[in-house]
Amino acid sequence: MTGEHIDYCGYAVLPMAIEQDILAAVQPVDSRILHLSNTNPTYLDFSLDLNDVQINKTKPLWHSYFLCGLKGIQEHFSLDGPKGMNCMVDGSIPPSSGLSSSSALVCCAGLATLKANGKSLSKVELAETCAKCEHYIGTEGGGMDQSISFLAEEGTAKLIEFGPLRATDVKLPQGAVFVIANSCVEMNKAATAHFNIRVVECRLATKILAKFKGLDWKNLMKLGDLQCSLGVPVEEMFAIVEEVLHPEPYTREEICDTLGISLNNLCATILSQNTQDVSTFRLFQRAKHVYSEAARVLAFKKVCDEAPANAVQLLGDLMNQSHVSCRDMYECSCSELDQLVDICLKSGAIGSRLTGAGWGGCTVSMVPADKLNVFLTNVQDMYYKTDGRRSAMLKQSLFATKPGSGAVVIVETL
């Protein structure tokens with residue numbers, strides 16, 4: 001719903017789980033061998049000795065995400081003799097679509113490994129562990145996707161807060177449904193530097209703002225932690241950003257001069273592995289997006305809690321503002337997503353925005369329930385049926401959804 005690209009900045013987010021899912025049939029075995037198969041033949045079988053789990057960050061394949069969840073549980077419990085598993089994976093989440101298919105697979109693997117080895121964790125502990133797991137593949141994300149995967153409950157959205165992790169039910173207004181529309185532009189966030197560049201830009205903005213304010217900038221990594229250290233409302237951060245940061249891109253040299261550090265220090269302690277060669281950073285824009293999006297999350301929850309007569313319109317406005325900020329300030333949209341958002345609004349949506357990391361993937365739209373069928377028909381005609389490839393993907397690309405439940409384990413004894 002709202003809260004894009006701010007979980008890794010320490011801010012609360014407001015997602016819901018969709019009804020699509022990732023499934024794994026798992027058979028624990030006495031060997032220490034993992035055998036992975038997928039019902040989709042494009043995803044090749046994979047086997048691995050669990051005494052030597054290696055994850056290739058440079059070329060993330062489907063099984064790499066399973067290994068992330070598995071490795072996280074192994075390390076959490078310091079498993080010396082992990083159980084082998086025969087696993088068959090299936091799923092109805094479109095891949096690389098911004099609907100967290102990779103995070104769902106990480107969580108699925110973590111839960112399967114937990115159960116196969118006879119261990120237990122609370123849902124919160126499991127969500128926190130799996131959030132760290134995805135870092136194995138090089139994506140320096142937050143914990144939104146993993147948290148909603150475990151903490152979601154059918155029929156309600158969740159306000160998810162971090163440090164410590166906690167989730168609060170958020171009742172969505174009556175009279176509107178949420179519709180997912182896939183732009184059919186695939187984006188694997190671990191396969192490019194786009195995502196981690198944004199993480200690093202937010203980290204750099206935090207440090208420069210903190211140094212200007214006389215804080216311990218070396219130990220501040222997140223824009224949310226900076227706000228807490230200053231002890232001001234999130235709205236006051238807008239003026240601080242405009243006072244300190246300039247809209248023009250920052251060069252590596254300017255950042256080093258501002259912070260009083262060497263280029264080697266910048267690369268070693270602040271930049272990520274796949275952002276070492278990035279030459280310029282847009283700090284003003286990224287910080288503006290994060291603080292405005294954090295404020296929108298709180299505004300979205302307030303509208304849901306108070307349920308005024310015009311709640312649907314107010315929430316739609318917040319969704320539209322979120323997309324504009326993602327497009328213009330965070331620059332994580334693409335022309336197809338912008339086109340699809342425009343078509344969704346013209347087709348009757350009250351609000352529409354990209355969802356997920358961006359640069360492709362899906363939009364989510366809030367549509368009056370009594371206009372759903374007309375909306376779906378219009379979007380089909382205006383976006384999908386104008387392109388052969390999109391038309392072929394239509395069945396799994398455009399669907400209404402309601403808040404679904406989180407991960408479950410079904411045990412069958414023979």
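Which residues lie nearest the centre of the second largest pocket? Select Asp-7, Gly-10, Tyr-11, Phe-162 and Lys-222, which hold that place among the 38 residues of the lining.

Before going further, note that this is a predicted model, in which local features need pLDDT of at least 70 and side-chain atom pairs count only at pLDDT 80 or more, while totals for chains, interfaces and linings use all residues. Residues are numbered from 1 along each chain as its sequence is written, and side-chain values use heavy atoms, with hydrogens and water left out.

**Stop 1: the pocket**

A pocket here is an open set of points on a 1 Å grid over the protein atoms alone, where a 1.4 Å probe fits and protein lies on both sides within 12 Å along at least five of seven lines; lining residues have an atom within 4 Å of a point. The second largest pocket holds about 880 Å³ of space, a volume being the space filled by probe spheres set on the points, which are joined across faces, edges and corners. To see its walls, select helix 3 (123-133), strand 5 (157-161), helix 5 (194-212), helix 6 (223-230) and helix 10 (283-306), the elements that give two or more residues to the lining. Helices (H or I, at least four residues) and strands (E, at least two) are DSSP runs, numbered from the N terminus. Helix 6 gives the most to this lining, with five residues.

Colouring the lining of the second largest pocket by class separates 19 nonpolar, 10 polar and nine charged residues; Ala, Val, Leu, Ile, Met, Phe, Trp, Tyr, Cys and Pro count as nonpolar, Asp, Glu, Lys and Arg as charged, and the others, Gly among them, as polar.

**Stop 2: helix 5 against helix 8**

Keep helix 5 selected and add helix 8 (residues 252-259), which packs with helix 5 at an angle of about 35 degrees, the axes being 10 Å apart. Axes are lines fitted to C-alpha atoms, for helices over the stretch in contact, and angles run from 0 to 180 degrees between N-to-C directions. The contact (heavy atoms within 4.5 Å) is made by Leu-204, Lys-207, Ile-208 and Lys-211 of helix 5 together with Ile-255, Thr-258 and Leu-259 of helix 8. By class, four residues of this contact are nonpolar, one is polar and two are charged.

**Stop 3: the sheet 1-4-2-3**

Next, display the open sheet of four strands in the order 1-4-2-3, whose pairing is mixed. Strand 1 (22-29) and strand 3 (46-49) are at its edges, each with a single partner strand, so one side of each is left without a neighbour in the sheet. Neighbouring strands of this sheet are turned by 15 degrees against each other on average, direction ignored.

Two strands pair if DSSP finds at least two bridges between them. Strand 1 and strand 4 pair in the antiparallel sense over eight bridges, and Ile-22 has Gly-91 in strand 4 as its bridge partner. Strand 2 (residues 33-38) pairs with strand 3 in the antiparallel sense over four bridges, with Ser-47 in strand 3 as the bridge partner of His-35. Strand 2 and strand 4, by contrast, pair in the parallel sense over five bridges, and Ser-37 can be found opposite Met-88 in strand 4.

Now add helix 1 (residues 62-77), which lies across strand 2, strand 3 and strand 4 (84-91) and runs at about 135 degrees to strand 2. Helix 2 (residues 101-116) lies across strand 1 and strand 4, at about 25 degrees to strand 1.

**Stop 4: the sheet 10-11-7-12**

Move to the open sheet with strand order 10-11-7-12, where the pairing is antiparallel. Strand 10 (351-355) and strand 12 (398-401) form the edges, each having a single partner strand, so one side of each is left without a neighbour in the sheet. Strand 10 and strand 11 (residues 362-368) pair over five bridges, one of which can be located by selecting Arg-353 and its bridge partner Val-364 in strand 11.

**Stop 5: two backbone details**

Finally, select Gly-163 and Pro-164, which are joined by a cis peptide bond with omega of about 0 degrees; Pro-164 is in the loop between strand 5 and strand 6 (166-170). His-5, in the segment before strand 1, has a phi near 60 degrees, a positive value in a residue other than glycine.
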